[in-house]
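Here is a short tour of one protein model, written for someone who likes to follow along on screen. Have the viewer ready, and take the stops in any order you like.

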Amino acid sequence: MKFSLLIEIQLADPSPAAEKRAFHEAVRHAVLADELGYHEVWAVEHHGLSGYSHCSAPELLLSHVAALTKRIRLGHGVTLTPGRYNHPIRVAERIAVLDIMSEGRVDWGSGKSSTLVEQGAFEIDRADLDGQWREALAMIPRMWRDEMFEWQGTYYHVPPTAVIPKPVQQPHPPIFAACSRPETVELAGALGLGSLNFTAGNDDHLKAKIASYRAAIATARGAAGVVNNRFCCTPTTLVLDDDRRACEYGFRGARFFQEALATYFFSRERVVQPIDVSRAPLTEAQLAKAMAERNRPGSPLTSIVGDPAAAIETVSRFQAAGVDELIMVMDLGTVPHEIVEQSLRTFAHKVVPHFS
């Protein structure tokens, strides 16, 4: 199993000063993760999701991380690929340059975003969203492979064009798809793509999801004949030697993350005001309940929170379900920078060796 990090740039109380601090802290977390031997750092692309994610230009953030690191891989989790967000040619060019500058360390994830905030801001017709995404997903690997690219499709019409430069990795960087629904998990498998998933449900739910992915990818050919059989999910995570302290910070951060996500992704209206989610510490009763329910049979498999022993138990559940990579969200909006660093070190030194 691989262990990686997800950068969201979350802010419990957004302000320009807090944004600046959070970006620099995220870079320090990525550099520390490189030193500690984590597999990858992934960065999201979101627009206008105040509080939940201020990471609107991941290509710039990851290029800065690339210059400061040596081994850790760099993942776009994901690039918003429909053309009103990013034209496919620009995506292909940016990923190729990052792959060159990082000496071939890039993984590329593609998605379309289900938030009304982003779709409205970029004037996207929801009826075209899936079609634009699928067409771009077919185009970009060809841009990396073909000396002269030409395309006449439903949404894009590109005359003969040399899309340059080409990436270092051949035939192209590994490709992933954001999978928010069961049908997109199966689609990712059918297309031969890695699957990037938010954590939801219990062990049986996750096992069923992974089984559908493996069944679909078993006969996939993939772009340029390359199949990327890799199922990843993104648990909120905080691991410290002190179990209670980890739970105080970790479950509070997980609640902020989950409520902020639900506000933007599950709302039927565009949310443009400051988000109304809890930032307060858990009450004693709430904390005791959360701690007691960890790793209970049938309990939700969404967070890795606690001391190393509790974390090993939870990670073992993900491993038993068949997960290939945990892309952990430690940089939660209510968790201080120094606590995140402690968690990075504790997890690397006392949890990862158990799964090596």
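The report below goes through strands, a helix, the cores and the empty spaces in turn. Please keep in mind that this is a predicted model.

**Strand 1 and its partners**

Let us start at strand 1 (2-7), which is mostly covered, with five of its six residues buried. Strand 1 pairs with strand 12 in the parallel sense over four bridges, and Lys2 has Glu325 as its bridge partner there. Strand 2 (residues 40-43) is also a parallel partner of strand 1, again over four bridges; here Leu5 is matched with Val41. To get from strand 1 to strand 2 the chain passes through helix 1, in a right-handed β-α-β crossover.

**Strand 9 and its partners**

Strand 9 (residues 231-234) is covered on both faces: Phe231 and Cys233 are buried on one side, Cys232 and Thr234 on the other. In a regular strand, side chains alternate between the two faces of the sheet. Strand 8 (residues 194-198) runs parallel to strand 9, and four bridges link the pair, with Asn197 standing opposite Cys233. Between these two strands the chain goes through helix 7 (residues 203-217), and this β-α-β crossover is right-handed too. Strand 9 is also joined to strand 12 (residues 325-328), in parallel, by two bridges; Cys233 has Leu326 as its bridge partner in that strand.

The table collects the pairings described so far.

| Strands | Sense | Bridges | A bridge pair |
|---|---|---|---|
| Strand 1 and strand 12 | parallel | four | Lys2 and Glu325 |
| Strand 1 and strand 2 | parallel | four | Leu5 and Val41 |
| Strand 8 and strand 9 | parallel | four | Asn197 and Cys233 |
| Strand 9 and strand 12 | parallel | two | Cys233 and Leu326 |

**Helix 6 and Val185**

Helix 6 spans residues 182-190 and contains Val185. Val185 counts as buried because its relative accessibility is 0%. Thr184, Leu187, Ala188 and Gly189 in helix 6 are buried as well. The buried residues of this helix pack against helix 5, strand 7 (175-178), strand 8, helix 7 and strand 9. Beyond its neighbours within four places in sequence, Val185 is in contact with several residues, including Asn197, Tyr213 and Phe231. Val185 and Arg214 are 29 residues apart in sequence, and their C-alpha atoms are 9.5 Å apart. Just after helix 6, Gly192 takes a positive phi of about 80°.

**Cores**

The largest nonpolar core has 107 residues, and Tyr38, Ile304, Leu326 and Phe347 have the most contacts inside it. Leaving aside neighbours within four places in sequence, Tyr38 is in contact with residues such as Phe3, Leu5, Met328 and Phe347. There is also a second, separate core of six residues, with Phe251, Leu282, Leu287 and Ala290 among them.

**Pocket and cavities**

The largest pocket holds about 1,100 Å³ of space. Its lining has 44 residues, and Ser114, Cys179, Ser180, Phe198 and Phe265 lie nearest the centre. Among the elements that give two or more residues to this lining are helix 6, strand 8 and helix 7.

The structure also holds two cavities of 30 Å³ or more, and the largest cavity has a volume of about 70 Å³. Leu5, His29, Met330 and Leu344 are among the residues lining the largest cavity. Strand 1, helix 1 (16-36) and helix 11 (337-350) each supply at least two residues of that lining.

How values were computed
Residues are numbered from 1 along each chain as its sequence is written. Side-chain values use heavy atoms; hydrogens and water are left out. Buried means under 20% relative accessible area, exposed over 50%, partly exposed in between (1.4 Å probe, protein chains only). Contact means heavy atoms within 4.5 Å. Two strands pair if DSSP finds at least two bridges between them. A crossover is right-handed if, with the strands pointing away from the viewer, the path from the first strand over the helix to the second runs clockwise. A nonpolar core is a set of buried Ala, Val, Leu, Ile, Met, Phe, Trp, Tyr and Cys residues joined through side-chain atoms within 4.5 Å. On a 1 Å grid over the protein atoms alone, a cavity is a set of points where a 1.4 Å probe fits but cannot get out, and a pocket is an open set with protein on both sides within 12 Å along at least five of seven lines; lining residues have an atom within 4 Å of a point. Grid points are joined across faces, edges and corners, and a volume is the space filled by probe spheres set on the points.
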